[in-house]
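Colleague: Could you walk me through how the protein meets the DNA here? I have the file open and would like to go one strand at a time.

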There are 2 protein chains.
Amino acid sequence: MATMQDVADRAGVSIATVSFVVNETKKVSMKTRERVTAAMAELGYHRNVVARALASQQTHIVALLYPALDHRNGPATTAFVTQAALSARARGYDLVLWPLSSEPDQMARLIAGGLVDGVVLMDVRLHDARVDALVHSQTPFSLIGRTSDAGHPFVDIDFEITLEAAVDHLCTLGHKHIALVSERLPSEPLSDLGYLVRSEDAYRASMEARGLTPFVIGCAGTTQAGREGARRVFHDAPATTAVIVINENAAFGLLSGVVGEGYSVPRDVSMISLSTSFDVGGLTDPVLTTMKVPATELAALGVDSLIDQIEEHATAPQALIPCELVIAESTAQAHDRSQIS
Amino acid sequence: MATMQDVADRAGVSIATVSFVVNETKKVSMKTRERVTAAMAELGYHRNVVARALASQQTHIVALLYPALDHRNGPATTAFVTQAALSARARGYDLVLWPLSSEPDQMARLIAGGLVDGVVLMDVRLHDARVDALVHSQTPFSLIGRTSDAGHPFVDIDFEITLEAAVDHLCTLGHKHIALVSERLPSEPLSDLGYLVRSEDAYRASMEARGLTPFVIGCAGTTQAGREGARRVFHDAPATTAVIVINENAAFGLLSGVVGEGYSVPRDVSMISLSTSFDVGGLTDPVLTTMKVPATELAALGVDSLIDQIEEHATAPQALIPCELVIAESTAQAHDRSQIS
DNA sequence: CTGAAAGCGCTTACAG
DNA sequence: CTGAAAGCGCTTACAG
């Protein structure tokens, strides 16, 4: 591997000059610049990023901290991660992946080790010790999601707009008994996840604003649990004619369970699923109406805002993006339940 | 941030000694070791990984090169990536993600920049220029998949065992007309992907060994294309009673298309899908029999073999892992087509 | 516009 | 068992 010194020797200049042309950090006369450029090309020179990092105190690496939990592994995660890496590279950064298990000192090693210039944190909780650690360490970061004290830079789904649109859509079809099947389980630590709390709050607000009675059941994010959830919905709230479901895997099971209960979708029961995959709606038969999570946009915004902070281009923004409501072609009108029983 | 010098000063030793205890690279007397350890704890010292990398010429970072193609973004990719990161960290390495677009010089920057000690390459093609570049640059690597000249370290799915098991399973149920719906399209560059070629070859071999006639159609990896694929199968090969489908998204569409053609699954037609998700079989209704891709195992093996090479522990292995056949509960027996038409 | 030189925070022969 | 010192390949004030 050719070093900067090799290039300098060949071009007959100092390594400082080579550095200036490589980084475009100072004016260099046309002639010398050309000599240097030629020398670099001849030697196939690429600057050593480790040496640069040590000298400049910037690694140009950012970390993506995400939960290494199986049940959260959807297609959206891949889309998110891919876009995060692409956005980072577009700005000259690399992306390291930090699947976060429960070991508490992992953050310390990551931050104190000096490997990264900043951190993107996924699946933020309302009270998140990781955020406190980041603030305390003065590491630049951006959050995908929000804590309850909204003083930090974040990008998040706009749950109020999203669930209002979903409820509105169902109401327009004539539904009055709209249930929410959420991943939120009181017994789980996940119950603190911001997006679960906020989606439920937004659903309740939209329902109550219309004088409708919210009905929420918690349900694990599996097909199996979704089937079981269908039974519970129609047992506990038999008047239900529409269901909004937050977890995608549960949605498949819920759909199958609703059909198993003797209802036709969408003729008897309307369903809307939060969708992490771009065409998950199309995977089911019947096709589901979905709220499409803007994973790509969230990743791009999160990474860009992080790098803006690192490079001190801008103050950290707070952005909310609604999910897009993708309406299935054949949509249920609300029916009187007596028709079908 | 405390430096090694700070620790040395506080412990009253030289930085060399601190280095020896941090890295356990030379014998240090009990007393001094304790003084150093105490000083590190008091200062909250973590060694700077960038400085270590520059001095030791090892970054302890490995790259995961994967194709940034939307259509390949399944749950398996997430599982793979997560496991790769976890396996790397278990060995003291970090994982950087390199979604690979078509720019040819990206490999050069990655390798020549000195950021990584080695590379895991996904979605290997039969003739893969990236592999040639890696060999030429003397960068340690391991392949997920194989080129046609099998002289390199790799881990891959054992397609022969996997498709033999699938064909055997269907034959045991009495099927004789078993079609393969593959993602392989002659017009696409993807047609060179090792796993597409090898799965098709293995299917043909298993069919021919039984005196059965293989029937293959290519089909894009989308729900839409899967529906269309169902039509083509029963138009071009009306005797078909069983289908093996390589792409998961296509499988959903195919299932829906087969039902749309008036057949019942699994009563009239048996289906087996290559499954990247652990419970994709359970997502459909009816439940599908699946060949479950060992994404986690492939990732762990690939990363471990790469790090073994980097640390010169072992010669690079070549490993094949079959998919597990997960048989749906209610399975089709082959029927005479005349029953249902 | 260009260069000499200090310094980033470690590792690692080499001495003792 | 421990230390002094060179060196990893850059960046960046500081001079000129």
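Colleague: Which part of DNA strand D, of its atoms within 4 Å of the protein, is sugar or phosphate, and which part bases?
Modeller: Sugar or phosphate holds 69% of the atoms of DNA strand D that lie within 4 Å of the protein, and the rest belong to bases. This is a predicted model, in which local features need pLDDT of at least 70, side-chain atom pairs count only at pLDDT 80 or more, and totals for chains, interfaces and linings use all residues; side-chain values use heavy atoms, with hydrogens and water left out. Residues are numbered from 1 along each chain as its sequence is written, while chains are lettered from A and ligands numbered from 1 in the order in which they are written.

Colleague: How many residues surround strand D, and which are the closest?
Modeller: There are 27 residues around DNA strand D, and the closest are Met4(A), Ser19(A), Thr17(B), Lys27(B) and Thr32(B); a residue is near a strand if one of its heavy atoms lies within 4 Å of it.

Colleague: What does Lys26(A) approach on strand D?
Modeller: An N or O atom in the side chain of Lys26(A) is 3.1 Å from a base nitrogen of DNA strand D, a polar contact being a pair of N or O atoms within 3.5 Å; within protein, one must be able to donate a hydrogen and the other to accept it, and residues adjacent in sequence count only if both atoms are side-chain atoms. Phosphate oxygens of DNA strand D are approached by polar side-chain atoms of Asn23(A), at 2.9 Å, and of Thr17(B), at 2.7 Å.

Colleague: Which element gives the most to that surface?
Modeller: That is α2(A), with 5 residues near DNA strand D; helices (H or I, at least four residues) and strands (E, at least two) are DSSP runs, numbered from the N terminus.

Colleague: Switching to strand C, which residues are closest there?
Modeller: DNA strand C is surrounded by 27 residues, of which Thr17(A), Lys27(A), Thr32(A), Met4(B) and Ser19(B) are the closest. Of the atoms of DNA strand C that come within 4 Å of the protein, 69% are accounted for by sugar and phosphate.

Colleague: And which atom of Ala51(B) lies 3.4 Å from a base nitrogen of strand C?
Modeller: A backbone N or O atom of Ala51(B) does so, whereas Ser19(B) places a polar side-chain atom 2.5 Å from a phosphate oxygen of DNA strand C.

Colleague: Which element has the largest share near strand C?
Modeller: The largest share of the surface near DNA strand C comes from α2(B), which gives 5 residues.
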